[in-house]
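This report is for a reader who has not seen this structure before. Please look over the sequence and the model shown below before reading on.

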Amino acid sequence: MSAPAVVGIVLVSHSAVVAESVADLARGLAAGGPVVPVAAAGGTADGGLGTSAERVLAAAREVDRGAGVALLADLGSSVLTVKALLVEDELPPGARLLDAPFLEGAVAAVVAASAGAPLDAVAAAAEEAYTYRKA
Amino acid sequence: MRDAEFFRRWMTAAGAAVEREADRLTELDSPIGDADHGSNLLRGFTAVRAALEAGPAATPGAVLQLAGRTLISTVGGASGPLYGTLLRRTGKDLGEAAEVSDEEVRKALYAGVGAVAQLGGAAPGDKTMLDALVPGVAALSASYRVAADAAEGGARATVPMLARKGRASYLGERSIGHQDPGATSSALLLAALADTADAADAADPAGSA
């Protein structure tokens with residue numbers, strides 16, 4: 001019996017450390033049951049600050065389980081690189097850039113996806129993170 | 001008419017201009033950006049040259065699409081997806097023809113600039129590369145040289161602007177008084193196109209489209 005189709009999550013940051021740490025935090029807060037695949041695509045290919053389209057593509061392919069891939073990006077070139085890849089149809093079918101805060105959105109997306117939510121519901125959970133006021 | 005070789009020469013000339021001006025681009029990017037515009041573009045255009053030497057891009061559209069794809073994958077900063085989208089969309093618009101007219105180039109670049117505006121969500125006046133590209137492309141109906149001059153004027157006109165997009169926008173009023181590095185490199189790109197056209201037309205006056 002094959003594994004059920006789940007939404008994969010990709011975290012795109014200017015920094016490899018930020019992307020991996022946010023992935024760890026989201027996985028940790030979603031733990032308790034099975035956790036969906038989460039891949040970090042942070043920093044440039046040579047380890048600097050910036051965005052690597054190759055890392056984004058590799059991460060998206062890694063987490064693709066057939067139910068769509070939700071991408072969260074932090075700033076500037078991370079957002080633009082994902083958008084450019086989407087326009088060019090280079091990402092797996094069903095890939096979507098979520099309009100959400102990076103850390104809070106990542107936690108919400110991983111928790112929702114791990115509970116078996118489809119891509120639309122994962123996106124809604126992540127986007128809802130914008131409505132949580134802190135002050 | 002312009003063939004694939006014309007567009008390879010344009011990309012080579014753009015790469016040479018970026019190499020020549022890399023330090024200046026990075027200097028412009030220091031007070032209002034993250035001081036990597038010159039080095040990022042240099043890495044990107046070095047990869048473009050290698051890709052064009054290795055790749056079998058046989059049509060104008062294929063040359064620009066390969067160059068754009070290479071910029072998106074190698075630059076690492078916002079200029080990668082922005083310039084990559086400019087060249088890819090322009091290349092797609094040129095289609096699969098072996099030769100294209102200057103009018104077709106003008107229309108394709110217009111579509112390319114539109115794609116950049118859509119991707120970045122910016123408009124002229126926001127102190128971005130569009131401040132050079134939009135007047136430049138608008139002047140293409142006159143000539144490549146007039147377009148290059150218009151882009152250069154557009155880049156200089158970014159000095160008094162308040163940045164409303166990208167990292168410079170976080171600086172607010174402190175972004176005023178600095179020329180935008182992206183508008184500056186955009187002007188270099190159109191100057192390289194004008195130089196390429198001048199050289200082609202001088203070599204073959206009858207062949208100018």
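The text below covers the contact between the chains, the nonpolar cores and two loop residues of this predicted model.

**The interface**

Chain A and chain B bury about 1200 Å² between them, and 57% of this area is on carbon and sulfur atoms. On the side of chain A, A:Leu80, A:Ala84 and A:Glu88 supply 41% of the area buried against chain B, more than any other three residues. The contact is made by 15 residues from chain A and 15 residues from chain B.

Three salt bridges are found across the interface of chain A and chain B. One of the residues named above, A:Glu88, pairs with B:Lys92 in a salt bridge between their side chains, at 2.8 Å from N to O. Between the two chains there are also five residue pairs in polar contact, counting pairs with both residues at pLDDT 80 or more.

Two elements give two or more residues to the side of chain A that touches chain B: α2 (53-63) and α3 (76-87) of chain A. Of the elements on this side, α3(A) gives the most, with seven residues. By class, the side of chain A that touches chain B is made up of six nonpolar, five polar and four charged residues.

**The nonpolar cores**

The largest nonpolar core has 76 residues. Those with the most contacts inside this core include A:Val10, A:Leu71 and A:Leu91 from chain A, and B:Phe7, B:Trp10, B:Met11 and B:Phe45 from chain B. Beyond four places in sequence, A:Leu71 touches A:Val10, A:Val12, A:Val56, A:Val82, A:Leu91, A:Ala95, A:Arg96, A:Leu97 and A:Leu98. A second, separate core has 26 residues, among them A:Val6, A:Val7, A:Ala30 and A:Val110.

**Two loop residues of chain B**

The table gives the relative accessibility of two residues, each of which lies in a loop.

| Residue | Loop in chain B | Relative accessibility |
|---|---|---|
| B:Thr128 | between α5 (102-120) and α6 (130-138) | 12%, buried |
| B:Tyr170 | between α7 (144-156) and α8 (181-203) | 59%, exposed |

B:Thr128 counts as buried because its relative accessibility is 12%, and buried means under 20%. Apart from neighbours within four places in sequence, B:Thr128 is in contact with B:Ala122, B:Lys165, B:Asp180 and B:Ala183.

B:Tyr170 counts as exposed because its relative accessibility is 59%, and exposed means over 50%. Although B:Tyr170 and B:Gly33 are 137 residues apart in sequence, their C-alpha atoms are 9.7 Å apart in space.

Technical notes. Residues numbered from 1 in each chain as written. Chains lettered and ligands numbered in written order. Predicted model: local features only at pLDDT ≥ 70, side-chain atom pairs only at ≥ 80, totals over all residues. Heavy atoms only, no water. Helix = DSSP H or I, 4+ residues; strand = E, 2+ residues; numbered from the N terminus. Buried < 20%, exposed > 50% of the residue type's maximum accessible area, 1.4 Å probe, protein only. Contact = heavy atoms within 4.5 Å. Buried area = accessible area lost by both parts, 1.4 Å probe. Salt bridge = Lys/Arg side-chain N within 4 Å of Asp/Glu carboxyl O. Polar contact = N/O pair within 3.5 Å; in protein donor to acceptor, adjacent residues only side chain to side chain. Nonpolar A, V, L, I, M, F, W, Y, C, P; charged D, E, K, R; others polar. Core = buried A, V, L, I, M, F, W, Y, C linked by side-chain atoms within 4.5 Å.
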